Structures are given as structure tokens and as C-alpha cells.
Amino acid sequence: MHHLLVFNIIDQIRTLGWPGFWSLLRNGIVSGSLLALIALGYTMVYGILQLLNFAHGDIYMVGAFIGYGVLQAFGGAEMASFPIVPLIIIMFAVAMVGSGVLGVAIERVAYKPLRNAPRIAPLISALGVLFFLESSVQLLTNSAHVLYEGVYLGGNYPSTFGPLLNSVFTVDGIPFTTVDTLVVLAAVALMVMLVWLVYRTRFGKAMRAVAFDREAAAMMGIDVDRVISMTFFIGSVLAGAAGVMYGLYIGDTSFTLGFQYGLLAFTAAVVGGIGSIPGAMLGGLLVGLFQNFATGYVGGQWSDIVVFGILIGFLIIRPNGILGSKAIQKV
Amino acid sequence: MLKKVGLVALLASLLSVVVATTAWGSAKAPANAGAVAAKSVKCGTKVTIGVAYPETGPAATLGTPQWDWANFAKKTWNKSHKLKLAFVRGDTQLAGNNPQAVQVAHAFASNGKILAVSGPAGSQEMEDTASVWKGANLGPVSGSETRVALTRALPGTPRETTPGYFFRTVPNDGQQGDNVATFIHKKLKKTNVRIIDDEEAYSQGLSLQVKNDLQKVGVTVTTDHISQQNPDYNSVIAAIPGNTQLVYIPWQVPAMAQQFFTQLRANGDHQIVMGSDGTDDPSTFKGAGSYVSGFPVQTNAPALKSFKKAHGGDPETFGLPTYTSVMVNATALQMACNAGHGKTTRAAVRKDVAKVKLSKAVSLLGFPVVFLKGNHGKFQGNGDMGGTAAFGIYKIQPNGSYSRVG
């Protein structure tokens, strides 16, 4: 059985050749960039509150739906007459703000009242919010799958794709399209801005202070509640952006989207080292690559086994993840 | 961190134990089951049908059209009959969560008002609940369970339900798979086929059927899998061998088929895409040049037009056989209540289900409904529809409309 699997993998590597490798690498980088953006939300909230905000994946899902709503308001990909660049900017802006506001609302309603409760309480509250959001969207959308069909934007639906599928550059004949490049560059830009915010601004310093010692930060005059709310806002804004990127890159959006991607992004945050911003980015990229290479070379049924196998492996061998620091036990 | 992950794992384990324990407990027949099963019920002006379908969970997207069509059938029936229908609904959740289906079966079994059942939705659910239905003297009529073994013993696999205790208003996988394989091989003359299932029982059963049929006639078949939860198919597409001529996707969500088609073309691949009845939805799966197997639908029927109008232009045809299953149950209830002079039993209703005959105009399926009493052909058995019931093959035109080609 094992020999058979190994032979199959070798056979598949040979069959797909270099073009297949580049395709899988491209797909891994693009989906890894999306996962990294979502993972940042997990890691930021964990860094500040030591809370695993399981509802974060569903904020991403809501962001994808908001982006879809904006697209439909302009006629949908089938007949959007509005210029494509401003349309995409509006989709991003509305989804990011909407998701950010949702993130803050969740923090205020479901987590803030539990700030001094035992750690298990906000964790259960997070699971509650996850199911609340998922079921609400299910009811609102009547369980429907909606399709962005973003690749047709600016094209002629259904016969001609739009400029999002134009090739920016090719490697061994494999095109890296506008949408691939847009997703990766937008993700990198947002991550760079986040790093700048956290490590180069006064607010970032306040965030780090709250993460290090909440009580001491409060005594030093930092508005801890505001910092926490802003952290939720920023994390959710990134998730909203990832939702629109997902819509443009993939498109099939349904109420279950947040659970699967949330789980993968959480895995990415743990693999990278939860609480570490560069770790979340690295983890996202690695999970995206592992998932896509496993799908391509081993088979679609193996991708989850590989990704979650890695999670278990990391928890056993390196519980703090690749870039996570060892927590110091205060005595 | 580890402690928290451990805690979550512990909670999940506890939840599983609770669910499993509940299911185990419910696997035993309730104390009043025998009495309820044999009870004579006054028909009065309203009779009750249990509708079992995935109301929540990842498969809710399939359950929604079923519920919509069931309600439409109720409304249609109640408009023109003195004996009105009422529903009790049960959320089976599908997607591998069979303890939920067992719970629903027991809830229906011990509810004395329920005289007939429409559903459940998944073949695996029927397999797991068959003994409960039998003990309760109920013969569910499913609008979406297509596994052959539910109605017909296969080599090495016994029949999974007792004849007379299960009926369906969809042709089965054997009929569909055979038709699809013959079409691919003989009409399209393809010799290299990729089959991608979605890891669900329906999809895997159909995949296997088509794969076996194609390999028997010398067609080269390669396979892969996708998860219903992950709609990024780029790497699955990258793994398709270059000499593949046709990709068969027996999936259950039309939007997934359209998404796959778009991504395939966006990746510059030009293989023909062929979907199954689960993807048969002209308002969603519009990939020009693709094929879909599906049961014929009376597209010109005023009922279908009226349903479509009431649902934002979406015909939701996946749920249509559930309409037919409610009509079958309603007709059987009427027959049993008439014969019993205003009183009936579940056994009487169940026996009358086997005798129901619906015209093409009433079934909306594109063929009349009549149930087989015994085996027929290679795949059909007692509880399957006989006569001209079969799947058709449709080609998707550039304007998105479906035209029958096989």
C-alpha cells in the first residue's frame, strides 16, 4: 500500500513535470498569501488576549459575501459596466470596513464582558460566535453558494475572460496572471503595513505593551480597551481583504467557507508560531504550499491529511511553532 | 497554548461521545414504537408526513431546494384536495453525520401523527436508519437517494432495505452511471477520462460505477478527489494528465461545477466537463459545451414555471424529486384513508405507496411514476421506478440552456 503510494507520487511528479511544479508552486503561493492574511488575525488577537478567536474564519467569510454584495450592486461580473479598477477598490474598501466593524462588534459583545473570566469562557464564546455567524449567513443566503466569476470582470461573459486573467509573466509556459499577482502583492503590502504599524508607530508600541503586560500597560496610561478593539479591527480588516481576494481568485462563496479556511489559517498561525506576526505569514505560505503540492502530487483526498498532520507534528516537536518564542513561566 | 488546544480536543471528544451515546441510545426502538407503528389513525381533514432532509450543516445547500419543493407540493396538493397535508420536519444534516439521521428516524417513528415519510436525503442515511423505519412500519420515499444497493442486491452486497419499506423518486446510480459511461464511450468516443469525486457517498458510488463501466470497454480512467469544503480546484486541475479528454464530476452542488469549469478554462485547459444530476441546474452550471446527466424535467409544466417564479427564477431542480415523493405519499394517504373509511395505519399507507401511479404531468419528472414490484434490468429493484424512468444526458449550449442529447 505504502509502496504503491510512493510509486504513484513519483509517477505523478514525472507526469506533471516542471510545468506542473510551477503551477502548484504558483497556486501554493497565492492560496498561502490568503491564508497568511487570515492567520494574522488569529495571531494578533492571541498575542494581545491569549484568546483563540475561532470566529475569525467567519469574519473572512462575511468579508467575501460583502465583496460579492458590492459586485452585485454594480451589476455582477456578467454585466459590470463600471471600470474594473475602481470597482475592485470599492469592493475591498467596503468589505474591509464591514469586516472590521463586525470584528469590533464581536469583541464588544462576546469577549469584552469575559475579559476577567476564566480562559475557557471566551474560548467557548468564540465557538458560539462561530456558529452564530455561520448559521446567520446560512439563513440570510438560504444556504446558497454564490459565484463571483471575477475572472470575467471587464471581459465578455461567458465567452471571454477579463483582464484579471492576463498574464503578467510566465515561468516554463505557466502564466502568473493579474489576479495571482494582485492577491500576492496586496497580501504582501497589507502585511508590510501591519508590520510597520506594530513595530514603527506609537499605537503599535501600545499594542506590544498590552500584549506584554496588560495591567502594567494600563498603569502607564494606555487605553487597553481601545487597543484591544483596534487589534480586532485590524485583524478583521485583513480578513475582509482576504475575503475579497478569495472571491476574485476563486469565487465560490458559501456559509461554510469560514470554517475550512479558518481551520487552515489557524493551522498556519500555529505552525508559524502563534502570537508572532512574521510567523503567521510564514505559516500561511507553508500551509498553502503543502496543501497544493499534496493535492497535485498525492491527490486531493490527501491534502487535509498532510496539512493537519503537519499541525500535529509541529505541536509535538515544536509546540511554539517555527518563529514562536517560548513562553516564560512566571513564578 | 498546548493546554488550550488540548481543551478544545477534549471538548470535541466529549461532544462526539455525547452524540455517539445519544445515537446508540436511539438505535434501540423507543418503548412505544410497536404501539405507534400498529396504531390506527383517524384521517380527519389533515394527515401528517415527516420530511427528513439536511436543514443545517454543510449539505444544507442541497436540503434547501428539497424543502422548498416539498412545501410547493404541499401547497399544490392542499389547493385541490379535501384531505390536507401537514409536515413535521427533521434535520438529518447529512455529510456523514448519521447519528442525526438516526435520531430523526426515531423521532418520526415515535410520533403517532406521522403516517408517511419523504426523505431522507442521503443513501448512507437510509442504510443506517432502515431498521428503524421498518420497526415503525414506515416506508420512506426519497427524492435523492441513488445508491443501487438500497433497492437491489449486487454481487457481494446484499440489498440494504427490505422490499416494501423503501421507495425512491429518482433513478438510481446504476441507471445513471451506465447511461453516462455509454454516452462517453459510444457517442463522444472518448478514450481518456478523468473522474473527480467529492468524497461523499453519492459521488463515490457514481464515480466507481462510471469508472468500472468505462474500464470494461477499454477507456483509460484516472481519478482524483476534491473536498466539498474547499472550492479551490487549481491544484486538482494542475494534476489532470495532459492527454485527458473529458473530466467527469459527479458532484452535488451546481455552483461547484460552474466554479470548476471556470477555473479549468482559466487555467487554459480545454477538456470537456461532464456533471451528474447533482450539478443539473441551468441557472447555475452554465459551462458552454459541458454535459450533464439528469432526470428529464417537464420544463413547460405550469407548476415548474410557478415554482421558478416564486424562487427568484431558480428552478432548484435538484429538489424536484422531493416534490414527487410528497405527491406519492399524499396519493397513498388519500388511497389508504378512503379504503379505511376515514381511518388508516402506517402499514396501509406503506402498501398503498407501492401501488401509486402518477402521470407525467403530476410527477413533473418527465416520465410517469410507477414502482417496480421486483428486479428489473441490471440495476433496478423493488421500490425503484419502472417504465420509462431514466436519466437523460444534456449538453449545455452557449446561452446556458440545456438540450437533451442522450
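**Exercise 1. Backbone of B:Asn137**

Task: In this predicted model, determine in which loop B:Asn137 lies, whether B:Asn137 is buried or exposed, and what is noteworthy about its phi.

Solution: B:Asn137 lies in the loop of chain B between α5 and β5 (141-142). To judge burial, count the C-beta atoms around the residue: there are 21 others within 10 Å, and because 20 or more are required, B:Asn137 is buried. Turning to the backbone, phi of B:Asn137 is near 65°, a positive value in a residue other than glycine. For context, most residues other than glycine have a negative phi.

**Exercise 2. A second asparagine, in chain A**

Task: Carry out the same analysis for A:Asn142, stating which loop holds A:Asn142 and how many other C-beta atoms lie within 10 Å of A:Asn142.

Solution: The loop between α5 and β1 of chain A holds A:Asn142. Its phi is positive, at about 55°, although A:Asn142 is not a glycine. The count of other C-beta atoms within 10 Å is 15, so A:Asn142 is classed as partly exposed.

**Exercise 3. Cis peptide bonds**

Task: Identify which residues are joined by a cis peptide bond in chain A and which are so joined in chain B, and place the prolines.

Solution: In chain A, A:Tyr157 and A:Pro158 are joined by a cis peptide bond with omega about -5°, and A:Pro158 sits in the loop between β1 (146-147) and β2 (167-171) of chain A. In chain B, the cis bond joins B:Gly119 and B:Pro120, with omega about -10°, and B:Pro120 belongs to the loop between β4 (114-118) and α5 of chain B.

**Exercise 4. Two partners of one helix**

Task: For helix α6 (residues 178-200) of chain A, work out how it is oriented against α7 of chain A and against α9 of chain A, and which classes of residue make each contact.

Solution: Begin with helix α7 (residues 202-212) of chain A, whose axis is 5 Å from that of α6(A), with a packing angle of about 75°. Since angles from 65 to 115 degrees count as roughly perpendicular, α6(A) is roughly perpendicular to α7(A). The residues in this contact are A:Leu197, A:Val198, A:Tyr199 and A:Arg200 of α6(A), together with A:Phe203, A:Gly204, A:Met207 and A:Arg208 of α7(A). Sorted by class, they are five nonpolar, one polar and two charged.

Next take helix α9 (residues 224-249) of chain A, where the axes come within 10 Å and cross at roughly 175°. This angle makes α6(A) roughly antiparallel to α9(A). From α6(A), the residues A:Val179, A:Val183, A:Ala186, A:Leu190 and A:Leu194 meet A:Ile234, A:Leu238, A:Ala241, A:Met245, A:Leu248 and A:Tyr249 in α9(A). Here the class count is eleven nonpolar, with no polar and no charged residues.

**Exercise 5. The surroundings of B:Val41 and B:Val356**

Task: Establish for B:Val41 and B:Val356 which residues beyond four places in sequence are in contact with each, and whether each valine is buried or partly exposed.

Solution: B:Val41 is placed in strand β1 (residues 41-42) of chain B, and it counts as buried because it has 21 C-beta neighbours inside 10 Å. Apart from neighbours within four places in sequence, B:Val41 is in contact with B:Gly112, B:Leu115, B:Lys343, B:Thr344 and B:Thr345. One of these, B:Thr344, is 303 residues away along the chain, yet its C-alpha atom is separated from that of B:Val41 by 5.3 Å.

B:Val356 is found in the loop between α12 (346-355) and β13 (357-358) of chain B. With 19 C-beta neighbours inside 10 Å, B:Val356 counts as partly exposed. Its contacts, with neighbours within four places set aside, are B:Val328, B:Thr331, B:Ala332 and B:Val369.

**Exercise 6. Checking a helix length**

Task: Test what span the 20 residues of helix α11 (residues 320-339) of chain B should have, and determine how many of its residues are buried.

Solution: At 1.5 Å a residue, and counting one less than the number of residues, the expected span is 28 Å; the end C-alpha atoms of α11(B) are 29 Å apart, which agrees. As for burial, 17 of the 20 residues of α11(B) are buried, so that the helix is mostly covered. Just after α11(B), B:His341 takes a positive phi of about 50°.

How values were computed. Residues numbered from 1 in each chain as written. Chains lettered and ligands numbered in written order. Predicted model: local features only at pLDDT ≥ 70, side-chain atom pairs only at ≥ 80, totals over all residues. Axes fitted to C-alpha atoms, helices over the stretch in contact; angles between N-to-C directions. Helix = DSSP H or I, 4+ residues; strand = E, 2+ residues; numbered from the N terminus. Parallel < 35°, antiparallel > 145°, perpendicular 65-115°, else oblique. Contact = placed C-beta atoms within 7 Å. Nonpolar A, V, L, I, M, F, W, Y, C, P; charged D, E, K, R; others polar. Buried ≥ 20, exposed ≤ 12 C-beta atoms within 10 Å, placed from the backbone.
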